[in-house]
Amino acid sequence: MAIREGFIGSIGNTPLLRLGRLSDETGCEILAKAEFLNPGGSVKDRAALHIVLDAERRGLLRPGGTVVEGTAGNTGIGLAHICAVRGYRCIIVIPDNQSPEKMELLRTLGAEVRPVPPRPYKDPDNYQKIAGRLAAELPGAVWANQFDNLANRQAHYETTGPEIWADTGGRLDAFVCATGTGGTLAGVARCLKERDPKVRIVLADPMGSALYDWVKHGELHAEGSSITEGIGTTRVTDNLAGTPIDDAVRIDDPACVAMVHRLLHEEGLFVGGSSGINLAAAVQVARDLGPGHRIVTLLCDRGGLYAQRLFNPEWLKEKGLAIPG
Ligand code: PMP
């Protein structure tokens, strides 16, 4: 496929990268799907596209319509690009503790950004609920609702999962992935398990998320917090519900920061915190399984979004974190 149809045509079919140092160190093959190479810069381009196409197909979104979403950033970035191509107005409700780079980028892309104070999900003024209300009040608007709109996981069931299967020739032992909405993990896990039930599905979870305990002990329980953005949650979204998950790994911030900087300085990959969680978890799974296994994970987005945070020694110091070495 030499010529692709614009922005939308260049979403997906990202390369699967073998990470040399991490593979050599573990004796496993550590493979990471380069989702940061999607045209909007993250894995969320896939979900954003499927959500918009699904709303169009169902007649909810018509020419000149509006897409509203509550998002920590990457879905909004994907939606803003797609809305520009399709001629929709795009309104993004975002917790105001998210990185300034993300908000600035969203505005530059033409989205109307509405920062709101972070509130727990059960609060009626949680950013997702504000987005839902806004869409209901605005004529011609749809709420993308990435957390509970199953078009999200369908995107990964139809694209990310089959791409991993094709690129590995169906030879993989484990798929490891952190979740925000759960769309990626749910869609990929279903696709891979259908093809080979022996593929081990492992959830990678930051501190402050309730999913590690949910997988390990069947109880939603959250403790601590994390500097990572876009991942970790305290509820089982509709997208995540029913996902075949075999195990969970918890990764703390120091391990995440260490991995993000290793990825940059040893593998030459400039990626964000969720990629650090994913790779740190992949290494742990490799150690658990022992040498000779093939582990697949994702590099979710680019490091540039976090230049003033994850890659800024001053900011890390304020958080009690340090760049190792
Ligand atoms: N990494 C990053 C950087 C993200 O923005 C997100 C989505 N919020 C994820 C990982 C998790 O993806 P999903 O929503 O499919 O669980």
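Reader: Which residue in β9 stands opposite D205?
Author: This is a predicted model: local features need pLDDT of at least 70, side-chain atom pairs count only at pLDDT 80 or more, and totals for chains, interfaces and linings use all residues. Residues are numbered from 1 along each chain as its sequence is written. Strands are DSSP runs of E, at least two residues long, and helices are runs of H or I, at least four, both numbered from the N terminus. Opposite D205, in β9, stands R250.

Reader: How many bridges join β8 to β9?
Author: Strand β8 covers residues 200-206. It runs parallel to β9. Two strands pair if DSSP finds at least two bridges between them. Between β8 and β9, the number of bridges is 5.

Reader: What is the strand order of the sheet with 6 strands?
Author: This sheet is open, and its pairing is mixed. Its edge strands, each paired on one side only, are β1 (16-18) and β9 (247-251). From one strand to the next, the twist averages 30°. The order is β1-β2-β10-β7-β8-β9.

Reader: At about what angle does α11 run to β7?
Author: Helix α11 spans residues 273-289. It lies across β2 (29-34), β7 (174-178), β8, β9 and β10 (294-299). Axes are lines fitted to C-alpha atoms, for helices over the stretch in contact, and angles between N-to-C directions run from 0 to 180 degrees. To β7, the angle is about 145°.

Reader: What is the order of the open sheet of 4 strands?
Author: Here the pairing is parallel. The edges are β5 (112-116) and β6 (141-143), each with pairing on one side only. The twist averages 20° from one strand to the next. The order reads β5-β4-β3-β6.

Reader: Which residue in β6 is the bridge partner of T66?
Author: Strand β3 holds residues 66-70 and pairs with β6 in the parallel sense. There are 3 bridges between these two strands. The partner of T66 is A141.

Reader: Which helix packs on this sheet, touching β3 and β4?
Author: Contact needs C-beta atoms, placed from the backbone, within 7 Å. The helix runs over residues 74-86, and its direction makes about 170° with that of β4 (89-95). The helix is α4.

Reader: How far apart are the C-alpha centres of the two domains?
Author: The chain is divided into domain 1 (8-37 + 159-316) and domain 2 (43-143). These bounds come from an automatic or database domain assignment. The centres lie apart by 24 Å.

Reader: Which elements give two or more residues to the side of domain 1 that touches domain 2?
Author: In all, 21 residues of domain 1 are in contact with 15 residues of domain 2. The elements asked for are α7 (151-168) and α8.

Reader: Which helix gives the largest share of the shell around the ligand?
Author: The shell has 20 residues, and the closest are G180, T181, T184, G230 and S274. A residue is near the molecule if its C-beta atom, placed from the backbone, lies within 6 Å of it. Domain 1 and domain 2 each supply at least three shell residues. The largest share, 3 residues spread over 183-195, comes from helix α8.

Note on methods: Two residues are in contact if their C-beta atoms, placed from the backbone, lie within 7 Å.
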